[in-house]
Amino acid sequence: MAVNSFPSKPITDIFTRHETTIDRREGGRTVPMRVLVLGMGRTGTASIRQALKRLGYEDAYHMMSASVENPLDCLLWQQAFAAKYDGIGTFGRQEWDQLLGHCQAVSDWPAIAFSEELLACYPEAKFATSANTFTPPGSASKNLHSLSSPITTRFYSVRVNVHLHGFKQKLILCIVKRPDIHAPVLDIHVDDERASQHYIFVNPQSPFYQSGPNIYDSHGELIWAGAGDGLAANAYGFHVCDYNGLTAKHLCYFEGVQMFGFGHGYGVILNDRYKIARAVQSRGGSDIHEFRLLDHGRTALVAKYRPIRYDFGVAPNPQGLQVVEEGVFEEIDLQSDKAIFEWASLDHVTPDGAERPIQFENGQDPSHDYLHINSVDKNSDGDYLVSARHVSAVYKVSRVDGSIIWTLSSGPGSTFALVDFVIWGQHDARWRFENSTHTIMTLFNNGWDGVSSRAHQSSAMVITIDHVSSQATLSKEYGAELQLGATSKGSVQTLPNTNVFVGWGSKPHFAEYLADGTLVFWASVAGGGDIYRAFKSDWVGNPSDSPVLWTYARTKQSPMALYVSWNGATEVQSWNFHIGSSRESGAVASFILAGSKRKDGFETNFTLPEYAEWVFAEAVDKSGTSLQNSSVVSTWIPSDSISEKCNDWKCPERESEFLIKYNLLPDLDGLATEIQVAAEEWSVKSLGPVDLWLGKLMIGIIIPCGILTMAIMLRLIVWDR
């Protein structure tokens with residue numbers, strides 16, 4: 001079959017019932033092209049598309065337009081790629097009008113790979129771009145203007161600079177002695193007097209940096225990178241937990257593989273030395289959405305998915321016998337490894353109920369995830385609170401027999417009338433308070449359930465249920481003024497001081513509010529990505545590994561530069577640096593103290609005026625007690641062939657041909673430079689023209705091309721059959 005043929009959709013295609021098979025080659029431009037949104041993918045392009053549609057720009061083209069809505073477009077996109085990158089054929093204004101003639105706007109891949117061509121074809125269109133970072137607009141901006149302490153943003157030198165729109169986006173921390181750590185930068189804005197000073201626990205996920213569980217302090221300084229201790233990147237719900245009744249706190253998270261919105265893996269418990277104390281497994285594997293220890297760490301709540309064949313009969317979509325993902329949660333006794341309670345959704349909620357039409361989310365999953373449990377909590381009475389995203393419902397489940405005591409939803413099955421608010425596609429439902437007449441709970445309301453939208457933005461909600469009047473009211477809402485739309489994930493945490501900490505999930509932003517809604521802390525992850533849940537908590541980390549030191553001198557007559565770090569150590573106040581002329585047995589005792597410096601970020605740098613052959617660093621706590629020493633290291637001096645290019649701080653590294661070719665070179669200037677952010681700068685900044693060589697970035701070409709090519713080939717195989 002020729003690549004450019006357009007066959008009809010086969011009757012065997014049961015997965016994408018709502019997609020179309022329009023041959024764009026038969027059309028042309030029917031509406032004017034008005035807006036070109038040419039920012040990178042994963043920067044809110046889906047939300048931008050929705051916003052453009054609401055503003056009357058019909059249609060707005062997005063990757064979903066080709067991958068789900070009208071897959072035949074992929075063949076035209078393949079011709080466009082071939083013309084631009086392989087020199088095969090041509091693809092000009094006529095072809096663009098055929099492909100995009102029904103659209104007044106474009107965003108996301110694959111259109112942004114053709115920025116130059118689209119700007120040339122549609123010079124009358126307005127140009128816009130989506131940024132990887134976000135500044136709170138509107139009322140949030142006013143709140144932050146009034147902060148009593150200065151707002152400080154700390155930018156770090158990075159390992160990779162992505163050149164977009166004429167500027168360098170700082171993405172990744174550059175740690176001289178730990179080149180194995182590529183943790184993302186947090187852009188932090190904080191009111192120190194009113195925001196809590198707890199550590200931040202997040203698990204950022206993105207191809208731009210090293211994913212995994214990370215700890216930052218309240219000003220965005222990296223404290224611990226899980227990747228630096230060899231832990232897997234696929235970590236979800238990273239938080240502080242109690243374990244087995246022990247006094248020392250532990251760290252808990254789910255580790256596993258995620259696909260189609262759920263995962264398979266197990267729970268991990270780390271001790272304060274960042275070593276695995278326990279792995280918690282459930283028969284058949286547990287899911288990413290919940291791993292939570294209860295009863296001082298003696299039991300664990302886990303969520304899981306169980307594929308079961310279900311007879312849908314003559315329902316419109318799907319029909320007949322199909323595989324359903326049954327939502328299950330268990331409470332596991334950690335001493336016996338046995339489930340002391342299990343709840344299975346098909347015993348209580350059928351997949352053909354009125355709450356949600358029977359359909360596949362984005363046409364992706366080959367089985368029907370009709371409920372989608374994404375959080376489970378337990379109250380003091382032993383009953384459970386279960387959030388089910390795909391029915392936009394929260395259930396109270398009986399500890400006795402698993403029956404549903406009540407349902408809170410915006411659908412007809414709700415036990416309570418929702419007074420002037422809607423919950424839709426929510427995450428992270430948690431008890432706050434409950435007695436015989438009232439229940440108070442929190443949840444993150446996404447406003448999007450994977451298929452449809454019922455809210456203009458995502459926000460954290462405090463909901464009060466009156467069991468006497470059978471009404472539910474919105475007691476407080478946090479974050480709605482930011483107008484961020486998180487299509488998935490999200491979290492709400494009530495802190496010990498009553499502040500509320502909110503994470504926007506698929507939007508890598510998190511914020512802290514006073515109970516009255518005043519914004520006192522705002523952070524975003526440079527480079528985008530997503531964070532399943534974000535937490536703040538106290539923590540004491542005592543890593544088992546020693547501090548790591550690297551020393552450098554351009555010549556033996558030059559001053560020395562020293563770089564020291566200790567991944568995960570929370571108690572270090574300062575560093576002492578000791579020098580000597582030999583590391584032989586007993587010689588270390590003769591080392592002399594050459595200088596001290598207060599800890600300054602994850603990696604502290606220090607200068608000695610004269611050369612020393614051997615050095616070690618000593619970590620000291622706030623009371624002056626010595627914690628641990630680094631190894632004794634020899635001072636590195638560059639060879640004559642490169643020393644002329646070196647300065648007193650460093651030598652330029654020879655980058656790989658890949659980095660040179662794609663202009664992904666490090667910028668090591670301005671390490672840990674503080675920039676005071678003036679109040680008038682708190683606005684969404686417009687950016688300059690898009691860099692026209694954007695298509696040369698490997699991550700911007702190979703990945704989308706590969707995805708499109710695989711999608712086309714798979715579909716052609718199905719059609720051939």
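Where does Pro110 lie? Pro110 sits in the loop between β3 (105-106) and α5 (115-121). I begin there since the peptide bond joining Trp109 and Pro110 is cis, with omega at about 0°. Before going further, please note that this is a predicted model.

First, the overall picture. The protein has 721 residues, and 54% of them count as buried. It contains 9 helices and 42 strands. If we take contacts between residues at least 6 apart in sequence, 61% of them join residues at least 24 apart.

Back to the backbone. A cis peptide bond also runs from Glu58 to Asp59, and here omega is near -15°. Asp59 belongs to the loop between α1 (45-54) and β2 (60-61).

Next come two residues with a positive phi. Asp420 is not a glycine, yet its phi is positive, about 60°. It is found in the loop between β24 (417-419) and β25. Is Asp420 buried or exposed? Its relative accessibility is 78%, so Asp420 counts as exposed.

Ser470, also a residue other than glycine, has a positive phi near 60°. Its place is the loop between β27 (459-466) and β28 (471-478). With a relative accessibility of 32%, Ser470 counts as partly exposed.

Now two loop residues and what they touch. Ser282 lies in the loop between β15 (276-280) and β16. At 8% relative accessibility, Ser282 counts as buried, because the limit for that class is under 20%. Which residues does Ser282 contact, leaving aside its neighbours within four places in sequence? They are Val302, Lys304, Glu330 and Ile332.

Lys275 lies in the loop between β14 (262-270) and β15. Its relative accessible area is 41%, so Lys275 is partly exposed. Apart from neighbours within four places in sequence, Lys275 is in contact with Ile269, Leu270, Ser544 and Asp545. Take Ser544 from that list: Lys275 and Ser544 are 269 residues apart along the chain, while 8.2 Å separates their C-alpha atoms.

On to strands, and to β20 in particular. Of the 6 residues of β20, 5 are buried, so this strand is largely enclosed by the rest of the structure. β20 runs antiparallel to β21 (residues 384-388), and 5 bridges join the two. Within that pairing, Ile373 stands opposite Ala388 in β21. The hairpin of β20 and β21 has 5 residues between the strands, and in this hairpin Gly382 takes a positive phi near 95°.

There is also a sheet to look at. How many strands form the open sheet that has the order β34-β35-β38? It is formed by 3 strands, and the pairing is antiparallel. β34 (548-553) and β38 (603-608) stand at the edges with a single partner strand each, so one side of each has no neighbour in the sheet. From one strand to the next, the twist averages 20°. The antiparallel pairing of β34 with β35 (residues 560-565) extends over 6 bridges. Ala553 stands opposite Met560 in β35. As a general point, side chains in a regular strand alternate between the two faces of the sheet.

Last, a pocket. Rolling a probe the size of a water molecule over the atoms shows where empty space is left. The second largest pocket has a volume of about 920 Å³. Its lining consists of 38 residues, and those nearest the centre are Val240, Arg292, Gln493, Thr494 and Phe535. Several elements give two or more residues to this lining: β12 (235-241), β13 (250-259), β16 (291-294), β20 (373-378), β25 (427-434), β29 (491-494) and β33 (535-537). Which of them supplies the largest share? That is β12, with 5 residues. By residue type, the lining of the second largest pocket divides into 15 nonpolar, 10 polar and 13 charged residues.

Some of these names have come up before. β20, the strand paired with β21, is among the elements of the pocket lining. So is β16, which comes after the loop that holds Ser282, and so is β25, which follows the loop of Asp420.

That is the end of the tour.

Technical notes:
Residues are numbered from 1 along each chain as its sequence is written. This is a predicted model: local features need pLDDT of at least 70, side-chain atom pairs count only at pLDDT 80 or more; totals for chains, interfaces and linings use all residues. Side-chain values use heavy atoms; hydrogens and water are left out. On a 1 Å grid over the protein atoms alone, a cavity is a set of points where a 1.4 Å probe fits but cannot get out, and a pocket is an open set with protein on both sides within 12 Å along at least five of seven lines; lining residues have an atom within 4 Å of a point. Grid points are joined across faces, edges and corners, and a volume is the space filled by probe spheres set on the points. Helices (H or I, at least four residues) and strands (E, at least two) are DSSP runs, numbered from the N terminus. Ala, Val, Leu, Ile, Met, Phe, Trp, Tyr, Cys and Pro count as nonpolar, Asp, Glu, Lys and Arg as charged, and the others, Gly among them, as polar. Buried means under 20% relative accessible area, exposed over 50%, partly exposed in between (1.4 Å probe, protein chains only). Contact means heavy atoms within 4.5 Å. Two strands pair if DSSP finds at least two bridges between them. Axes are lines fitted to C-alpha atoms, for helices over the stretch in contact, and angles run from 0 to 180 degrees between N-to-C directions.
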